[in-house]
Amino acid sequence: MGEVKENILSLLLPHHSSLRAQINEVLDLDLIKQQANHGILDIPRLAQFVVSVLSKLCAPARDDQVKKILHNENIVDLFKEVFTLMDGMKVDMANFQLQTIKPHLLLQSVEYERKKFKEYLQSNPAALLSTKVWLKRGAKAATNTDSTLPAEMSDKEKETTDFKQKLQDVNLTEVLVHGYLGIIFGEPGWPYPETLIMDEFRLAEMRWSVRRTTLIASVVLVALNTIGQQLTSDTVYLASLKEVLYILLDGVTEGDFSSALCGVYEQLVKETEKLLKARGLSQLTQQQKEMLKGQIEGISSPDNTVYKVISNRTYEFMLSRMKSRLHRESGQSTSPSIPQGLTSVNTELSEITSRFLRVVGHNMAVFTPFYEDILVEIKSSLD
C-alpha cells in the first residue's frame with residue numbers, strides 16, 4: 001500500500017490539493033499497519049478507493065482497463081493490475097508533458113543549432129561551398145519546364161537569359177523543395193550541402209527506400225499490364241505480390257537491384273500462377289512469361305520507360321506533399337492525391353514522405369536565413 005500511495009501521489013498535478021489530502025487520509029500507512037496487526041484491515045475497501053482515484057486521473061483510453069480491474073475478485077491479481085495501470089499512466093503523463101513542452105524544445109533546438117552554425121562559419125568562411133552549388137541546382141530544377149526530375153548542370157555552364165528571367169520569379173521555398181528532392185532523386189553527383197551533413201545517413205536510407213518503392217511499383221505495373229485484367233482488381237493478389245517484392249528487395253543495395261530482379265521475376269511468376277490456379281483462371285503462356293521476364297529485368301535501368309514514368313510520378317507526389325505541408329503552415333489547404341501507377345505503394349510512399357518532411361522541416365527552420373543569403377548572392381551573380 002505504501003508503493004501504491006507513492007505511485008498515485010506522483011501522478012497528481014499541483015491543483016489536485018483536495019484529492020491529495022483525501023489520499024493521505026485514506027491511505028494513512030500508520031493506521032493501515034495498526035488495522036493489519038489487529039486483523040481488521042478492509043483490503044477490498046482500500047482497493048476500491050485506489051481504483052476510484054486512478055479512474056479520475058487516467059486518460060479516457062484507459063477506462064476499459066479500469067473497469068476490468070474492478071471486476072477482479074482476486075486481491076493479489078487486482079493489485080498486479082493496479083501497478084500495471086499506474087505504469088501505463090506514468091507513460092501517459094510523460095508523453096503529455098513532452099507534447100506540452102515540445103514546441104519550446106524545438107524552438108530551443110533551432111536557435112541552438114543556428115547559433116552553433118554561425119560560430120562554425122566565423123572560423124570557416126568557405127564552409128558553404130557545396131550548399132551554394134546545391135541551391136544553384138535546386139534553382140535550375142525549379143525553373144526547368146522541360147522535365148520534372150532535377151536537370152543535370154555543369155558548374156561551368158553559362159547561365160542563359162531564360163534562366164535569369166525565370167529565377168527572378170522563383171522564391172526560396174521553390175528552390176529548396178527541388179533541392180531537397182534532388183538528394184533523393186538526383187544522380188550520385190548531386191551536390192550534398194554542408195547544412196544536411198548531420199542527416200546524411202537518414203537521407204541515404206530514404207533515398208534507398210524511395211528507389212526500392214519505385215521499383216516495386218514499376219514491377220507491379222508491368223505485371224498487371226502483361227497478365228491483363230484478370231488479376232488487376234484482385235486485392236489479395238496485389239497485397240501478396242507487394243509483400244513478396246518488399247521481402248526480396250529488403251537489404252539489397254542500389255547497385256544490386258539489377259541482379260535481384262531475376263529472383264523477382266521467378267517469384268512473381270510463382271505467386272501469379274498460384275493465384276490464377278486458385279481463381280480457376282488460365283495459366284500464364286510462355287509468351288507472357290518471356291515478355292514479363294524481359295520487362296522486369298530492364299526495370300532497374302534508369303532509362304527504362306516504365307521506371308522513368310513511375311519515378312517522375314513519385315517525384316511529383318513528394319513535391320506536391322511538400323508544397324501542401326508548406327501551404328498548411330501558411331494557412332492554405334491542399335490535399336495531393338496519389339498519382340496513377342503508385343496506388344499499390346500508397347501506404348509505403350506516404351510513410352517515407354512523412355519522414356522526409358520531418359527532416360526537411362527542421363532543416364528549413366534552422367538554416368533558412370543562410371539559404372536566403374545564398375539565393376540573393378546567386379541572383380546577384382547573374383546580373
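**Packing around Phe-356**

Trainee: Which residues does Phe-356 touch, not counting residues up to four places away in sequence?

Mentor: This is a predicted model, in which local features need pLDDT of at least 70, side-chain atom pairs count only at pLDDT 80 or more, and totals for chains, interfaces and linings use all residues. Residues are numbered from 1 along each chain as its sequence is written, while side-chain values use heavy atoms and leave out hydrogens and water. With contact meaning heavy atoms within 4.5 Å, Phe-356 touches Tyr-180, Leu-181, Ile-184, Leu-203, Met-206, Met-318 and Met-322.

Trainee: Which helix gives the most to the largest nonpolar core?

Mentor: A nonpolar core joins buried Ala, Val, Leu, Ile, Met, Phe, Trp, Tyr and Cys residues through side-chain atoms within 4.5 Å, where buried means under 20% relative accessible area, exposed over 50% and partly exposed in between, with a 1.4 Å probe and protein chains only. Among the 78 residues of the largest one, Trp-134, Tyr-180, Ile-296 and Phe-356 touch the most other members. With 14 residues, the greatest share comes from residues 346–381, helix H15.

Trainee: How do H10 and H15 run relative to each other?

Mentor: Helices are DSSP runs (H or I, at least four residues), numbered from the N terminus, and angles between their N-to-C directions run from 0 to 180 degrees, using axes fitted to C-alpha atoms over the stretch in contact. The two axes come within 10 Å and cross at roughly 155°. Angles under 35 degrees count as roughly parallel, over 145 as roughly antiparallel, 65 to 115 as roughly perpendicular and the rest as oblique, and H10 and H15 are therefore roughly antiparallel.

Technical notes
Helix = DSSP H or I, 4+ residues; strand = E, 2+ residues; numbered from the N terminus.
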